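Let's take a walk through this structure together. Have the sequence and the 3D view open, and we'll start with a simple ruler for helices.

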Amino acid sequence: MKKTNRFIFGLIIIFCQQAFAGELINLNQNWTFRKANTGTWLPANVPGSVHTDLLANKQIKDPYQKDNAAELSWIDSADWEYSTTFILSEEQVKNQGGEIDFNGLDTYASVYLNDSLILNADNMFRTWKVNCIHLLKPGKNSLRILFESALKKGAEQASKIQYTLPGGDRVFTRKAAYQYGWDFAPRFITCGIWKSIELRLWNNFTFRDIRIKVKELTEKRAILHMEVDVLANEGSDFNLKMINKATGQRLGKTDSLHKGMNTVEYDYQIYGPKKWWCNGYGEPFLYTFYFEGSDFKGNVDRKEFSYGLRTLELMQDKDSTGKGFYFRLNGVPIFAKGANVVPLDMFNPEGDNSVVDSLVSDAARCNMNMLRVWGGGVYLSDEFYSQCDRKGILVWQDFMFACSMLPGDPEFVSNVKEEVQDNVRRLRHHPCIALWCGNNECEEGWANWGWQKEFKYTASDSAKIWNDYKNIFYTVIPDILKQEDPARAYWPSSPSLGWGHPESLQSGDSHYWGVWWGKEPFSNYENKVGRFMSEYGFQGMPANSTLQLFGAGDKWKIDDAILKAHQKHPTGFETIKEYMKRDFPEPWSSDRFLYYSQLLQADGMQTAIEAHRRSSPRCMGTLYWQLNDPWPGISWSSRDYFGKWKASQYMVQDRYKMVIVSPVIERDKLNTYIISDSTNDLESVLLLRLFSFDGKEKWFHKEPVNLKPGTSTLAYSVDTIITKQKIDPAKGYLLASVVSKGILLDQRIFYFRKPNELILPKAKPEYSVDSTEGYLIMKSKVLIKNLYLKANGNDQFGMNFFDVIPNLEYRIPLPAGVSGNDVKIEFESLNDKK
């Protein structure tokens with residue numbers, strides 16, 4: 001490999017959105033499929049899967065409807081064939097270079113080009129580039145792919161070892177784990193061409209990769225070191241042109257290429273550079289670079305990149321209670337606020353671009369600055385990471401291993417190496433990528449879930465399994481990252497310790513499942529606060545309209561077969577019922593149960609989020625489980641499969657603001673904290689008022705507070721004996737507000753009793769609809785708790801499930817698409833009686 005100079009110092013900077021400008025031929029058209037060696041060839045969609053192709057051809061019932069999924073397991077056991085043809089000209093086949101890029105084959109695929117075997121694929125997560133110029137011909141060319149059953153292949157591999165690995169046969173297949181069934185997802189062990197296929201043709205040379213490294217970054221200038229990899233079919237002179245589209249600056253360089261891989265290198269300066277910031281902390285500024293290479297024969301190739309300039313460090317400083325865990329962006333400590341992301345669909349895990357845009361836009365709209373891509377799914381699409389770049393959403397990126405141990409044979413390890421290298425090279429240029437994480441809960445499972453006893457391992461079995469695990473996550477992956485992405489942090493396993501151990505709260509990241517799995521009360525969230533909370537959660541049902549979309553029917557009940565088919569946790573409904581009984585009145589209908597379940601989820605998550613934020617800077621991250629669903633189910637998601645917000649999503653939007661006020665009762669004192677993630681000092685005023693539910697003020701206090709950046713401040717404390725003297729705890733509330741320079745930064749209503757202990761008045765809000773401006777205008781003479789709104793059956797208002805303060809007028813944006821003079825408004829609240 002030729003290099004004109006050598007780079008020694010710096011960290012990687014970021015770019016995305018690559019575009020190939022040679023001849024790029026999309027091969028996603030004209031596909032057909034069939035069960036292997038049988039039946040009629042039917043039309044197929046690429047990208048896609050065998051399940052969606054069978055559905056499109058009306059060969060199966062909709063897998064998402066009713067309990068149809070139970071009838072479709074036969075698909076997993078079969079082999080399937082896909083076939084297409086494409087036409088090339090005489091000129092096209094005369095190109096010096098040509099390859100077919102298979103960006104995603106799920107999973108065991110034998111690929112034939114013009115009846116010649118060109119590829120045996122065995123990893124859903126890899127990109128397969130196959131040199132094929134010698135096999136292409138003018139006229140019609142054929143491409144055929146045989147997919148073997150991953151279910152059978154996994155069992156075949158598992159039979160080769162003498163013990164059972166945790167996770168079962170799936171651990172032998174490099175395939176999305178959630179497709180084997182999870183507690184939020186059904187079992188669809190599908191196959192197919194799940195990403196695009198492209199034929200690339202070129203003469204003399206083609207761009208392979210472009211890397212940008214930072215040699216210096218100050219407020220005055222950035223010195224960037226550019227490395228452009230060029231694959232040449234023959235030696236030639238080479239001209240490289242680069243344009244910084246943000247500044248208009250141009251740069252040209254002439255070099256000589258030799259046959260094979262070449263690296264053209266040079267330094268480039270930006271004066272007064274703009275940095276990339278995450279959501280809430282500044283602008284996620286992206287530069288756009290245009291690269292054009294040419295030779296003296298008229299051959300040209302082009303690439304264009306958007307990239308962000310920033311420094312990002314994982315800080316783990318020792319302190320009096322353990323060791324910290326937080327991210328420092330451009331020198332500023334960041335409190336991470338966000339959620340876990342699972343695949344966007346069962347059959348199209350990446351989702352189409354509109355779904356990706358909706359998901360990431362909702363995250364930004366809800367004041368999130370980090371998403372964790374969970375290790376039981378897939379590495380998401382380029383569009384997902386580009387959207388995160390543009391919207392300032394950091395990404396905690398798991399490698400795709402979850403809740404299992406792994407084989408250690410050379411073939412498996414080699415496959416993992418290629419997978420990791422492929423995806424690190426694809427994603428390393430995005431500013432959003434904050435951290436590479438080896439796996440989800442594999443290490444915790446080995447240490448805490450009793451696998452050794454369950455599977456009756458001998459001492460030598462255990463030693464072999466643990467050594468195989470350590471080899472992958474403590475040697476193989478770190479070694480690749482040192483070579484491919486040395487500037488970015490690596491964390492071997494999430495969490496570092498299990499939630500049953502006190503040490504798990506003192507260092508590293510924590511998954512706390514004492515609530516839900518352990519049936520512990522929500523109040524335990526206030527005591528179980530780690531340094532970085534990367535998983536915790538509680539289920540909430542989706543809206544009734546979503547239940548209808550998957551066929552539940554108007555008179556559904558939670559013990560119906562259809563509802564049970566869409567609840568994948570074995571004790572999901574029972575757990576919801578148990579918690580609901582603790583905190584809420586007895587629901588008098590199925591719809592009331594659904595409404596309570598959403599409030600229950602929101603209350604639990606609010607308790608956790610506020611506890612985590614009050615503990616800042618000791619705790620520096622809160623990522624709840626989970627943001628989204630891969631199918632219309634009943635799960636921990638805050639927005640359902642169709643993108644509809646549950647009550648918890650509205651709560652998250654409010655509690656993830658940069659500045660919040662958080663009252664809490666601690667040791668018979670009502671303590672009010674103000675949490676500020678601002679990077680500036682804020683001179684503020686805390687306003688505390690006690691009201692009865694009929695709107696009468698019983699007590700008032702005003703407290704000036706100087707808020708320091710990135711802190712949680714105990715702003716005021718008062719004995720609960722005093723508050724009880726002022727107001728009946730079952731008939732009143734605290735209204736806490738924080739104001740700075742006349743601007744209301746946050747407002748929080750705090751109740752002294754659980755919902756089932758409150759004596760709420762009858763309530764009927766006064767309202768009107770401004771169809772021209774698209775608002776619902778309303779007010780009430782008494783407090784209304786958790787007002788739930790629907791307009792023409794649509795509940796996706798600008799705000800919902802909120803508490804109505806007496807005598808205050810509200811202007812609430814109507815749901816998208818709701819307009820006209822005949823808008824029907826429906827109300828539901830905790831004030832309602834049977």
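The expected span of a helix is 1.5 Å times one less than its number of residues. Keep in mind that what you're looking at is a predicted model. Now try the ruler on helix H10, residues 459-484: its 26 residues should span 38 Å, and the C-alpha atoms at its ends sit 36 Å apart, so the two agree. H10 does have a kink to look for, though: at Asn471 it bends by about 30°.

Next, zoom out. The chain's secondary structure adds up to 16 helices and 49 strands. For 834 residues, a compact globule would have a radius of gyration near 28 Å, and this chain comes in at 29 Å, so that agrees too. Its C-alpha trace spans about 90 × 70 × 65 Å along the principal axes.

What about the inside? Of the 834 residues, 59% are buried. Among contacts with a separation of 6 or more, 71% are between residues 24 or more positions apart. On the outside, the chain exposes about 32,700 Å², with carbon and sulfur atoms supplying 48% of that.

Finally, have a look at a few strands. S24 (residues 312-315) and S27 (residues 326-329) run antiparallel, joined by four bridges; here Met315 has Tyr326 of S27 as its bridge partner. S27 also runs antiparallel to S28 (residues 332-334), this time with three bridges, and Arg328 has Pro333 of S28 as its bridge partner. S27 and S28 form a hairpin with two residues between the strands, where Asn330 takes a positive phi near 50°.

Key. Residues are numbered from 1 along each chain as its sequence is written. This is a predicted model: local features need pLDDT of at least 70, side-chain atom pairs count only at pLDDT 80 or more; totals for chains, interfaces and linings use all residues. Side-chain values use heavy atoms; hydrogens and water are left out. Two strands pair if DSSP finds at least two bridges between them. The bend at a residue is the angle between axes fitted to the seven residues ending there and the seven starting there. The radius of gyration is taken over C-alpha atoms; the globule rule is 2.2 Å times the number of residues to the power 0.38. Buried means under 20% relative accessible area, exposed over 50%, partly exposed in between (1.4 Å probe, protein chains only). Contact means heavy atoms within 4.5 Å. Accessible areas come from the Shrake-Rupley method with a 1.4 Å probe; for residues, only the protein chains shown count as cover.
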